[in-house]
Amino acid sequence: MAEPRAVDSVQGSADPSLVLLTVEETARRLRIGRTTCFRLVRAGEIESVTVGRLRRVPVDAVPAYVAKLRHRPAEAA
């Protein structure tokens, strides 16, 4: 019997050969809501491209967005 494979908790069972992600897949990787992710894509905070009528997020846009967040000055509460 085959042993179950360990799954990366952040990327789920993501295929490492993927170049473009759906907005839903991006939201899962960032662990944010789908609606929030669509809002960030629409605002240009997360880079995206159009393929026909589809909206896709390049895989490298996810760590780029996180890096941008890390270097953003803290907002006053």
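These are my notebook entries on what I looked up in this structure, which is a predicted model.

**Entry 1: the overall layout**

I began with the elements of the chain and found three helices and three strands, which run β-α-α-β-β-α when I read from the N terminus on. I then looked up how much of the chain is covered, and noted that 21% of its 77 residues count as buried. For the outer surface I wrote down an exposed area of about 6200 Å², of which carbon and sulfur atoms supply 54%. I also looked at contacts between residues at least 6 apart in sequence, and among these 41% join residues at least 24 apart.

**Entry 2: the sheet**

In what order do the strands of the sheet lie? I found an open sheet of three strands in the order S1-S3-S2, with antiparallel pairing; S1 and S2 are the edge strands, since each of them pairs on one side only. I noted as background that strands of a sheet pair through backbone hydrogen bonds, either parallel or antiparallel.

I followed the pairing of S1 (residues 20–21) with S3 (residues 54–58), which is antiparallel and runs over two bridges; here Leu20 has Pro58 of S3 as its bridge partner. On the other pairing, S2 (residues 49–51) meets S3 in the antiparallel sense over three bridges, and I recorded that Val49 stands opposite Arg56 while Val51 stands opposite Leu54. The hairpin of S2 and S3 has two residues between the strands, and in it Gly52 takes a positive phi near 65°.

**Entry 3: a nonpolar patch on the surface**

Which residues form the nonpolar patch on the surface? I listed Val19, Leu20, Val51 and Leu54, which together have about 330 Å² of accessible area. Two of these names were already in my notes on the sheet, as Val51 and Leu54 stand opposite each other. I checked Leu20 separately, and this residue of strand S1 counts as partly exposed because its relative accessibility is 33%, a value that lies between the limits of 20% for buried and 50% for exposed.

**Entry 4: helix H1 and the loop after it**

I turned next to helix H1 (23–30), where the buried residues are Val23, Thr26, Ala27, Arg29 and Leu30. Seen down the axis of H1, these buried residues fall within an arc of 160°, so they line one face of the helix. I looked up what they pack against, and found S1, H2, S3 and H3.

Just after H1, I stopped at Arg31, which has a positive phi of about 60° although it is not a glycine. Arg31 has its place in the loop between H1 and H2. Is Arg31 buried or exposed? Its relative accessible area is 60%, so I entered Arg31 as exposed.

**Entry 5: helix H3**

In helix H3 (residues 61–71) I found Ala61, Val62 and Tyr65 to be buried. Seen down the axis of H3, the buried residues fall within an arc of 110°, so they too line one face of their helix. What covers them includes S1, H1, H2 (34–43) and S3. On the face of H3 turned away from this buried side, I noted the exposed residues Pro63, Arg70 and His71.

**Entry 6: the salt bridges**

How many salt bridges does the structure hold? I found two, and kept in mind that side chains of opposite charge can pair when their charged atoms come close.

In one salt bridge the side chains of Glu24 and Arg34 meet at 3.2 Å, N to O; this pair links distant parts of the chain, with Glu24 in H1 and Arg34 in H2, 10 residues apart. Glu24 counts as partly exposed because its relative accessibility is 30%, and Arg34 is likewise partly exposed because its value is 49%.

In the other, the side chains of Glu45 and Arg72 meet at 3.0 Å, N to O. I placed Glu45 in the loop between H2 and S2 and Arg72 in the segment after H3, 27 residues apart, so that this pair also links distant parts of the chain. With a relative accessible area of 28%, Glu45 is partly exposed, and Arg72 is partly exposed with 37%.

Terms used:
Residues numbered from 1 in each chain as written. Predicted model: local features only at pLDDT ≥ 70, side-chain atom pairs only at ≥ 80, totals over all residues. Heavy atoms only, no water. Patch = residues over 30% accessible without salt bridge, like charges linked within 9 Å, V, L, I, M, F, W, Y side chains within 5 Å. Areas by Shrake-Rupley, 256 points an atom, 1.4 Å probe, with all protein chains shown as cover. Salt bridge = Lys/Arg side-chain N within 4 Å of Asp/Glu carboxyl O. Helix = DSSP H or I, 4+ residues; strand = E, 2+ residues; numbered from the N terminus. Buried < 20%, exposed > 50% of the residue type's maximum accessible area, 1.4 Å probe, protein only. Pairing = 2+ DSSP bridges. Arc of directions from axis to C-beta. Contact = heavy atoms within 4.5 Å.
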